[in-house]
Amino acid sequence: MFQNHAKIVQFISLANEITGRKKLQKMIFISKKLNYAFTEKYNFHIYGPYSEELTLRIEELCEMGFLQESCTDKGSYIQYAYQVTSEGDRFLETMDAVPKNLERCIDLMMDKSSRFLELVSTLLYFDHLEKEEQIEKLHIVKNKLKFSAEEIDAAYDFIGQLERQSRNLKN
């Protein structure tokens, strides 16, 4: 019943701590696109792919005491961070084994900024389109962010790196 909740706790546990709601949303979406078993439905939103389901699960996990949400006032915004509690660690004992190489993919994503993960997840959201169409769509929906050709190339390189990493150890 709580298997989908447990996957989120496991993900955050593997990351140790995830700072930023946007970053958490993008990391789960990217992992889902890499065929890891996340079931949350995503729609396109202001900051790219967004899952209301994931937001609700995170809130429920915090209320159940499995996750701790901390807030830091950054002046013009509040920054949220998520960690697994000791109660969450006990909850994880009900979880299946960690999918192969998910931890490595998480590590790679943790090293990236939220802005970069927003770019990557937006390109992946439109992965049903040809590359040129993806880039056109990106420039339409993310015009204000003014992603450079170098950033877009880096995003495609990163997607390739994640795909190779997830494919290598799934077999």
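1. Thr19, a residue to look at early, stands opposite Ala81 of strand β5 in this predicted model. The strand to which Thr19 belongs, β1, covers residues 18–19, and two bridges join β1 to β5, which spans residues 78–84, with the two strands running antiparallel.

2. The pairing of β1 with β5 belongs to an open sheet of three strands, whose order is β1-β5-β4 and whose pairing is antiparallel. The edges of this sheet are formed by β1 and by β4, which spans residues 67–73, and each of these edge strands pairs on one side only.

3. On the other side of the sheet order, β4 and β5 are paired in the antiparallel sense over seven bridges, and a reader who wishes to find the register may start from Thr72, whose bridge partner in β5 is Gln79. These two strands form a hairpin with four residues between them, and in the turn Gly75 has a positive phi of about 90°.

4. Which residues have the most contacts inside the largest nonpolar core? They are Phe11 and Ile12, in a core that has 47 residues. The elements giving two or more residues to this core include the helices α1 (3–15), α2 (21–33), α3 (52–63) and α4 (86–92), together with strand β5; the list also names α5 (102–110), α6 (114–125) and α8 (149–170). The element that gives the most is α1, with seven residues.

5. Phe11 deserves a separate look, since the list of its partners reaches several parts of the chain. When neighbours within four places in sequence are left aside, Phe11 is in contact with Ile18, Leu24, Met27, Ile28 and Ser31, and also with Phe38, Leu102, Ile106 and Met109.

6. Two packed helices are described by the angle between their axes and the distance between the axes. For α1 and α5, the angle is about 60° and the axes are 9 Å apart, and the two helices are therefore oblique to each other. The crossing in which α1 passes α5 is right-handed. On the α1 side, Phe11, Leu14 and Ala15 take part, and they meet Leu102, Glu103, Ile106, Met109 and Met110 of α5.

7. A second helix pair, α6 and α7, can be described in the same terms: the axes come within 9 Å and cross at roughly 125°. That angle makes α6 oblique to α7, and the crossing of this pair is right-handed. The residues that meet are Leu119, Thr122 and Leu123 in α6 and Gln134, Leu138 and Val141 in α7.

8. Is Gln134, which is one of the residues of α7 meeting α6, buried or exposed? Gln134 lies in helix α7, residues 131–141, and because its relative accessibility is 7%, under the cut-off of 20%, Gln134 counts as buried. Not counting residues up to four places away in sequence, Gln134 touches Leu123, Phe126, Asp127, Leu129 and Tyr156.

9. Tyr47 is placed in the loop between β2 (43–45) and β3 (48–50). With a relative accessible area of 49%, Tyr47 is partly exposed, and the value should be read with some care because the class of exposed residues begins over 50%. Leaving aside its neighbours within four places in sequence, Tyr47 is in contact with Lys22, Lys26, Glu118 and Lys142. The C-alpha atom of Tyr47 is separated by 12 Å from that of Leu138, although these two residues are 91 residues apart along the chain.

10. Which backbone values might a reviewer wish to check in the loops? Asn16, found in the loop between α1 and β1, has a phi near 80°, which is a positive value in a residue other than glycine. The relative accessibility of Asn16 is 60%, so that Asn16 counts as exposed.

11. A positive phi is also found at Lys146, where the value is near 45° and the residue is again other than glycine. Lys146 lies in the loop between α7 and α8, and Lys146 is exposed, with a relative accessible area of 60%.

Technical notes
Residues numbered from 1 in each chain as written. Predicted model: local features only at pLDDT ≥ 70, side-chain atom pairs only at ≥ 80, totals over all residues. Heavy atoms only, no water. Pairing = 2+ DSSP bridges. Core = buried A, V, L, I, M, F, W, Y, C linked by side-chain atoms within 4.5 Å. Buried < 20%, exposed > 50% of the residue type's maximum accessible area, 1.4 Å probe, protein only. Contact = heavy atoms within 4.5 Å. Axes fitted to C-alpha atoms, helices over the stretch in contact; angles between N-to-C directions. Parallel < 35°, antiparallel > 145°, perpendicular 65-115°, else oblique. Left-handed = near helix turned anticlockwise from the far one by under 90°.
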